[in-house]
Amino acid sequence: MGSRYHTFDIHLTYIVWRALETDRIYQHSEHVHLALLRRRRAVIPDIPNGCSGMACARRFKEGTLVGVLETRMAIQAAYNEWSSTYDSDSNATRDLDRVVTEWGLGTSRFASVIEIGCGTGKNTRLLSQIGTRVLALDFSDSMLAHAQRKLRDIPNVVFSLADITTGWPCATRSVHLVTCNLVLEHNQDMSPVFTEAARVLVGGGWLFICELHPCRQYQGTVANYQRGTRRIQVAAFVHHISDFLEVAQNSGFTLTSLREWWHENDDGKAPRLVSFLFERGA
Ligand SMILES: C[S@@+](CC[C@H](N)C(=O)[O-])C[C@H]1O[C@@H](n2cnc3c(N)ncnc32)[C@H](O)[C@@H]1O
């Protein structure tokens, strides 16, 4: 939450979200993207017209500050919109990720856990059972609100609005497990996340990651949801297996396990998910 731009993003997203709700023109995320951009053009004049989430992602690849902001805001806005049906939509990737997380972490115990990109809290309940204290971070206030409502009876979880590409709100060397599920496809540069994970983890601490498998990304799959007759795609970036391994190694992590995962309906198809367990050096 330290960054000026982050505060700006959250504030603006909230304003547009409320405006769209009030005007009842809230049909699909393209509206949200365009409304965000229209509003922001008044503040930052050089934003081109007709920018969608995926166009934002392309501009982000070109590395401009405007592109970075557009992309982040488009992703936030999309998740704010998706939040109302994220849990009830039919979504094999979401369901498989839950199974993978249970498989990977269910029998372990940790004093302190950080979940980055917790969304509606699908995995947070499990983490609250294996962790003494859990801090769950997300930059979508609507996703967080759903998570908070669902887990209001659980005392050892704190939810916090935060952009995981900036400094995380916790002390250096204070955490035993960091988890990250279905989040990194929305962040082109993974290094700030690994850098923060390395900062907050104790020596020997675990970083558990489960993401859409790059094979699926090569085939064009991105996180998506339905609104009316439209299928909305959330801006996403391809991360090859070697990208994960390289950024992890550069941040002082050792790979403990890498697994590929298929849903029961995925017979004969490319793997749907890839999971990594990294250990932080001493
Ligand atoms: C597909 S959802 C996954 C949610 C949850 N981890 C799960 O497995 O169900 C992706 C989540 O990542 C969050 N997210 C993406 N980029 C983020 C960022 N830079 N900072 C914080 N949250 C982010 C989104 O708001 C969204 O809630």
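Of the 282 residues of the protein, 42% count as buried in this predicted model. The fold comprises 10 helices and 9 strands, and among contacts between residues at least 6 apart in sequence, 66% join residues at least 24 apart.

The largest nonpolar core has 63 residues, and those with the most contacts inside it are Ile 114, Leu 137, Val 178 and Leu 207. Helix H4, which spans residues 65–82, gives the most to this core, with 8 residues. Because domain 1 (4–82) and domain 2 (92–280) both give residues to this core, it lies between them. In soluble globular proteins, nonpolar side chains tend to be buried together.

Two residues, one from the core and one from a loop, can be set side by side through their contacts, leaving aside neighbours within four places in sequence.

| Residue | In contact with |
|---|---|
| Ile 114 | Leu 135, Leu 137, Trp 168, Cys 170, Val 175, Val 178 and Val 200 |
| Asn 187 | Thr 165 and Val 193 |

The contacts of Ile 114 include Leu 137 and Val 178, both of which are named with Ile 114 among the residues with the most contacts inside the core.

Asn 187 lies in the loop between strand S4 (175–181) and helix H8 (191–200). Asn 187 nevertheless counts as buried, because 23 other C-beta atoms lie within 10 Å, where the cut-off for a buried residue is 20 or more. Asn 187 and Val 238 are 51 residues apart in sequence, while their C-alpha atoms are 9.4 Å apart in space.

Terms used. Residues numbered from 1 in each chain as written. Predicted model: local features only at pLDDT ≥ 70, side-chain atom pairs only at ≥ 80, totals over all residues. Core = buried A, V, L, I, M, F, W, Y, C linked by C-beta atoms within 7 Å. Buried ≥ 20, exposed ≤ 12 C-beta atoms within 10 Å, placed from the backbone. Helix = DSSP H or I, 4+ residues; strand = E, 2+ residues; numbered from the N terminus. Domains from an automatic or database assignment. Contact = placed C-beta atoms within 7 Å.
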